[in-house]
Amino acid sequence: MGEIEHNLLKIPGVSDAVVIINNGSDENLYIIAYYVSNHEYKAEEIKTFLLKVLPDYMIPSFILKIEEVPLTSNKKINYILLPDPKEAMELEQVVTPGNETERKMLTLWSNVLQLEEEKNQCA
């Protein structure tokens, strides 16, 4: 895990990283990477970077941006407070309009519901 964290920290703007192995509810093991950054990276961008320096089996299944690494009172990583990747991914799934009609409908409903368009992409 340390090697993955080390390479995450090489990405410009990434100031902290935590990598864990988690058992999924389906009994599979998942590598989960959490990173702190002032830049908004897509998971695929980070995976592409990591694939240049790590073998496939070391590429995290889930990559999540967090505001800060949660710490215990002893200043150690509080793994319990790290967000569940599946729940976070469900919240962050965004589908952008695929064609002009969908873009017009998004604009129309954004105006009707008085929502900001960029935050109103379909989940």
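User: What makes Asn7 count as buried?

Analyst: The relative accessible area of Asn7 is 5%. Buried means under 20%, exposed means over 50%, and partly exposed lies in between (1.4 Å probe, protein chains only). The value of 5% is under 20%, so Asn7 is buried. This is a predicted model, in which local features need pLDDT of at least 70, side-chain atom pairs count only at pLDDT 80 or more, and totals for chains, interfaces and linings use all residues. Residues are numbered from 1 along each chain as its sequence is written, while side-chain values use heavy atoms and leave out hydrogens and water.

User: Where is Asn7, and which residues does Asn7 touch?

Analyst: Asn7 belongs to helix 1. Helices are DSSP runs (H or I, at least four residues), as are strands (E, at least two), and both are numbered from the N terminus. Leaving aside residues up to four places away in sequence, Asn7 touches Phe49, Leu50, Val53 and Leu54. Contact here means heavy atoms within 4.5 Å.

User: Why is Phe49 called partly exposed?

Analyst: Phe49 has a relative accessibility of 25%. This lies between the limits of 20% and 50%, and therefore Phe49 is partly exposed. Phe49 sits in helix 2 and touches Asn7, Lys10 and Ile11, not counting residues up to four places away in sequence. The C-alpha atoms of Phe49 and Leu8 are 8.6 Å apart, although 41 residues separate them along the chain.

User: How do you know on which side of helix 2 its buried residues lie?

Analyst: The buried residues of helix 2 (residues 43-51) are Ile46, Lys47 and Leu50. They cover an arc of only 100° around the axis, so they lie on the same side of helix 2. The arc is that of the directions from the helix axis to the C-beta atoms. Their cover includes helix 1 (2-8), strand 2 (29-37) and strand 3 (62-65).

User: What makes strand 2 count as largely enclosed?

Analyst: Of the 9 residues of strand 2, 8 are buried, and therefore strand 2 is largely enclosed by the rest of the structure.

User: How do you know that strand 2 pairs with strand 3?

Analyst: Strand 2 and strand 3 run parallel and are joined by 4 bridges. Two strands pair if DSSP finds at least two bridges between them, so the condition is met. Ala33, for example, has Ile63 in strand 3 as its bridge partner.

User: Why is the contact of Lys65 with Glu40 called a salt bridge?

Analyst: The closest N and O atoms of Lys65 and Glu40 are 3.1 Å apart. A salt bridge is a side-chain nitrogen of Lys or Arg within 4 Å of a carboxyl oxygen of Asp or Glu, so this pair qualifies. The pair links distant parts of the chain: Lys65 is in strand 3 and Glu40 in the loop between strand 2 and helix 2, 25 residues apart. Lys65 is partly exposed at 26% relative accessibility, whereas Glu40 is exposed at 58%. Side chains of opposite charge can pair when their charged atoms come close.

User: How many salt bridges does the whole structure hold, and what makes Arg103 and Glu100 one of them?

Analyst: The search finds 2 salt bridges. In the pair of Arg103 and Glu100, the N to O distance is 3.4 Å, and this is within 4 Å, so the definition is satisfied. Arg103 and Glu100 are 3 residues apart in helix 4, and therefore about one helical turn separates them. Arg103 is partly exposed at 39%, and Glu100 is also partly exposed, at 44%.

User: Is Asn38 buried or exposed, and how do you know?

Analyst: Asn38 has a relative accessible area of 70%. This value is over 50%, so Asn38 is exposed. Asn38 is located in the loop between strand 2 and helix 2.

User: What makes Lys75 count as exposed?

Analyst: Lys75 has a relative accessibility of 66%, which is over 50%, and therefore Lys75 is exposed. Lys75 occurs in the loop between strand 3 and helix 3 (85-92). Its phi is near 65°, a positive value in a residue other than glycine.
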